[in-house]
Amino acid sequence: MLAWSSLLALLVFWQATASSGLVTPFMLPQPGVVALRIWSDFASGELARNLALTLYRALAGFAIAALLGVALGVGMARSRPLRWLFDPLISVGFPMPKIAFLPIITLWLGFYDVSKISMVVFDAVFPVVTATLAGTLAVERELLWSARNLGASEGQLLREVVLPAAAPEVLTGLQVALPIALIVCIVAEMKMGGVGLGGAMITASRFADSPGVFAGIIEIAIAGLALVKGISVIRRHLLVWHQEAADPTTV
């Protein structure tokens, strides 16, 4: 209960401010009004439809980014020419706000799911690549030498030594990439329109539907929290053998 005290305090502050008369209901609707709007969206099926489409786009882009990022990160760590080729691109592209490429993606791919998923991939792949590269390079050379001396092939070395040893860093990159995937998906939906949590929220804004806008914020927050908690549980299960599994965690 203590972990949720800050959220409860925020809810109390929200209710007190909305009821104080300092702001209009249009500027800040009461929590009860927003809760009724969320329930209305749920009962009508609109929330399920929007949530399903947003999660489909975000998770599809995240899955592609995860596969590409891990493959490229391992390849860069084990191949100097590949690292020489991609390292400048990663260094320049990582800090760049990739949403600036949205008009180009729209021109090339249109306004539908392919363009939104492509934006998610483009943004989420960078933390996966960098984390995988760092984790792979950090694998102790003694482990690699020992495996080679025991006759391990390059494939066995990758599967049984490199990837397990780099797994904590790789999973950290995936944990960073997942909320990025959701954020980029929401922003793309807001910019491109259509069905989805972001599209519904921007539509409510255009029609001056204040409860709809705040309901969208709460719905997105809950979806994001569920994704973050879900990947944290997956991490704990995959790293049950690792030292961090025995340590207390705040996630």
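This is a short walk through the chain, from its overall build to two helix pairs and two buried residues. Please keep in mind that the model is predicted.

Let's begin with the whole chain. Its secondary structure comes to 10 helices and 0 strands, so if you follow the elements from the N terminus, you pass one α after another: α-α-α-α-α-α-α-α-α-α. Of the 251 residues, 37% count as buried. Sequence distance also tells you something about the contacts here. Taking those between residues at least 6 apart in sequence, 70% join residues at least 24 apart.

Now for the helix pairs. Two packed helices are described by the angle between their axes and the distance between the axes. Find helix α3, which covers residues 46–78, and helix α4, which covers residues 80–93. Their axes come within 6 Å and cross at roughly 125°. An angle like this is neither over 145 degrees nor within 65 to 115, and α3 and α4 are therefore oblique to each other. The crossing of the two is left-handed. On the α3 side, the contact is made by Leu72, Gly75, Met76, Ala77 and Arg78; α4 brings Arg80, Leu82, Arg83, Phe86, Asp87 and Ile90. Sorted by class, this contact has 6 nonpolar, 1 polar and 4 charged residues.

Next, move along to helix α9 (residues 197–206) and helix α10 (residues 210–238). How are α9 and α10 oriented to each other? Their axes come within 8 Å and cross at roughly 160°. Since angles over 145 degrees count as roughly antiparallel, that is the description for α9 and α10. Here α9 passes α10 in a left-handed crossing. From α9, Leu197, Met201, Ala204 and Ser205 meet Gly212, Val213, Gly216, Ile217, Glu219 and Ile220 of α10. This contact divides into 6 nonpolar, 3 polar and 1 charged.

It is worth staying with α9 for a moment. Its buried residues are Leu197, Gly198, Gly199, Met201 and Ala204. Leu197, Met201 and Ala204 also belong to the contact with α10. Just after α9, Ala208 takes a positive phi of about 55°.

Let's turn to single residues, going back to α3 and to Ala58, which is found in that helix. Is Ala58 buried or exposed? With a relative accessible area of 1%, Ala58 is buried, because buried means under 20%. Leaving out residues up to four places away in sequence, Ala58 touches Val120, Ala181, Leu182 and Cys185. Ala58 can also be placed relative to Lys116: the two are 58 residues apart in sequence, and their C-alpha atoms are 8.5 Å apart in space.

The other residue to look at is Ser115, in helix α6 (residues 113–137). Ser115 has 0% relative accessibility and therefore counts as buried. Which atom lies 3.0 Å from a polar atom of the Ser115 side chain? The backbone oxygen of Gly110 does. Setting aside neighbours within four places in sequence, Ser115 is in contact with Ile105, Leu109, Gly110 and Met192. Gly110 thus appears both as the partner of the polar side-chain atom and in the contact list of Ser115.

Definitions and conventions. Residues are numbered from 1 along each chain as its sequence is written. This is a predicted model: local features need pLDDT of at least 70, side-chain atom pairs count only at pLDDT 80 or more; totals for chains, interfaces and linings use all residues. Side-chain values use heavy atoms; hydrogens and water are left out. Axes are lines fitted to C-alpha atoms, for helices over the stretch in contact, and angles run from 0 to 180 degrees between N-to-C directions. Helices (H or I, at least four residues) and strands (E, at least two) are DSSP runs, numbered from the N terminus. Angles under 35 degrees count as roughly parallel, over 145 as roughly antiparallel, 65 to 115 as roughly perpendicular and the rest as oblique. A crossing is left-handed if the near helix is turned anticlockwise from the far one by less than a right angle, and right-handed if clockwise. Contact means heavy atoms within 4.5 Å. Ala, Val, Leu, Ile, Met, Phe, Trp, Tyr, Cys and Pro count as nonpolar, Asp, Glu, Lys and Arg as charged, and the others, Gly among them, as polar. Buried means under 20% relative accessible area, exposed over 50%, partly exposed in between (1.4 Å probe, protein chains only). A polar contact is a pair of N or O atoms within 3.5 Å; within protein, one must be able to donate a hydrogen and the other to accept it, and residues adjacent in sequence count only if both atoms are side-chain atoms.
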